[in-house]
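Welcome to a short set of exercises on cysteines and aromatic rings. Try each task yourself before you read the solution.

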Amino acid sequence: MKILIISHEYPPIGGGGANACMYLSQEYVRKGHEVTVVSVWYEGLPEMERCSDVNIIRIKARRKHKEHCSFSEMADYLCKSWPVLKHLEKKQHFDICQVFFGIPSGPAGYMLKKKYHLPYIIRFGGGDIPGFQDRFAIIYKVIAPFLKIIWNNAHALIANSAGLKKMAQDFHDIRPIGIIYNGVDTDKFYPLTDKKVILKSECAVQILFVSRLIERKGLQYVIPKLQYIQKKAGKKIRLIIVGDGPYRESLENLVLENKCSEMVHFEGQKDKDELLSYYQHADIFILPSKKEGMPNVVLEAMACGLPIVMTPCEGSEELVTDNGIISSIEDFSDNLIRLCADSSLREEMGKNSLYNVNKNFLWENIAQKYLQVFEKV
């Protein structure tokens, strides 16, 4: 098949959705298909390149930050990508179009179908579903009627978790929505083989958090409890925070107010290649988030053999079974105490994380499920 993918984010631009786009594109190619991705340009990147046999075209639209963008920047990408997409379809005659994020890429998929009869499927990422991001509340109301038209005309709608599917159905429950999970690259994320030896020399249980620092991620509920957790667990603990964002200053002030500066380490934003060491040297991974799609950071932590403590947000029921604890914010500190105090339980859950990743979350298998959808279309 000749597959066209429209995504306003593709590594090194964007977050979890961008990574999913890249890995799926590469797997489609490995399975013998031809893939073209139309994404956004960022300073220092080529406008066109062939990477891992994936054809990547980057549109020169407004984009100030690698990790996130505004609605106006999304709209600029959509407008400037349309002439390129028309030219590509006239020249190559694709078999299928995969739209990453109904916002902003959905309208492009819709217009390609209307003008050239190119079938498209939408892969939801979270923020493209009304109600997911508070900052877009007004915009969601304005575009809701148009979004329903785009969904209605898609040949398939795919969510990456049951929670995200329900959120989509709450907005527009008129079309069936499938579920295909995210995956993880086990060649890039894997456990440290001699971790036990290293941990014997460590005086603190390392709790790791990796994500953009925004209020929705929930760290403000964990930091005030750190002194209590350390006292009850009977062991020194250390919270390693990897990431950056607009909420960082508030979190740093919270650390000072709760006199836990020695326990909390802000590491800043790190590239994907730098993350491995943080996962490998951690003992527990936490994600006290209010909303997610299916968090890639949890999958990466699982692939590195970590037990997980996360809130019952979207993706939690698929990711956390016997390999961690799904906890309410109210019980989060008590569950952390339990894991901090019991190294045997941490080791057992970490092994289960590895098993679950290899059974359910390899990109090769995830890509095959998408290809089956394409074949039906």
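**Exercise 1.** Does C313 count as buried or exposed?

*Solution.* Keep in mind that this is a predicted model. Start with the cut-off: buried means under 20% relative accessible area. The relative accessibility of C313 is 6%. C313 therefore counts as buried. You can treat C340 in the same way: its relative accessible area is 0%, so C340 is buried too.

**Exercise 2.** Explain why C313 forms no disulfide with the closest cysteine.

*Solution.* First find the partner to test: the cysteine sulfur closest to that of C313 belongs to C304. Next, look at the distance, which is 19 Å. A disulfide needs two cysteine sulfur atoms within 2.5 Å. The sulfurs of C313 and C304 are therefore too far apart for a bond. Finally, widen the search to the whole structure: it turns up zero disulfides.

**Exercise 3.** Classify the ring pair of Y181 and F361, and say which parts of the chain the pair ties together.

*Solution.* Let's begin with what we need: a pair of aromatic rings is described by the distance of the centres and the angle of the planes. The structure has eight aromatic pairs. For Y181 and F361, the centres are 5.5 Å apart and the planes meet at 35°, so this pair is tilted. Now place the residues: Y181 is in the loop between strand 8 (178-179) and helix 6 (195-201), while F361 is in the loop between helix 13 (343-360) and helix 14 (363-376). The pair therefore ties together parts 180 residues apart in sequence. As a last step, check accessibility: Y181 is partly exposed at 27%, whereas F361 is buried at 1%.

**Exercise 4.** Now do the same for F189 and Y279: what kind of pair do their rings form?

*Solution.* The ring centres lie 5.7 Å apart, with the planes at 80°. Planes over 60 degrees apart count as edge-to-face, so F189 and Y279 are an edge-to-face pair. F189 sits in the loop between strand 8 and helix 6, and Y279 in helix 9 (residues 272-280), so the pair links parts of the chain 90 residues apart. F189 is buried at 4% relative accessibility, and Y279 is buried at 0%.

**Exercise 5.** Which charged end sits over the ring of F171?

*Solution.* Start from the ring: F171 forms one aromatic cluster with F124 and W151. Then look for the charge: the charged end of K148 sits over the F171 ring, 5.3 Å from its centre. For another example, turn to W41: the charged end of K60 sits over its ring, 4.6 Å from the centre.

Technical notes:
Residues are numbered from 1 along each chain as its sequence is written. This is a predicted model: local features need pLDDT of at least 70, side-chain atom pairs count only at pLDDT 80 or more; totals for chains, interfaces and linings use all residues. Side-chain values use heavy atoms; hydrogens and water are left out. Buried means under 20% relative accessible area, exposed over 50%, partly exposed in between (1.4 Å probe, protein chains only). Rings of Phe, Tyr and Trp (its six-membered ring) pair if their centres lie within 6.5 Å; planes under 30 degrees apart count as stacked, over 60 as edge-to-face and the rest as tilted. Helices (H or I, at least four residues) and strands (E, at least two) are DSSP runs, numbered from the N terminus. A charge sits over a ring if NZ of Lys or CZ of Arg is within 6 Å of the ring centre and within 35 degrees of the ring normal.
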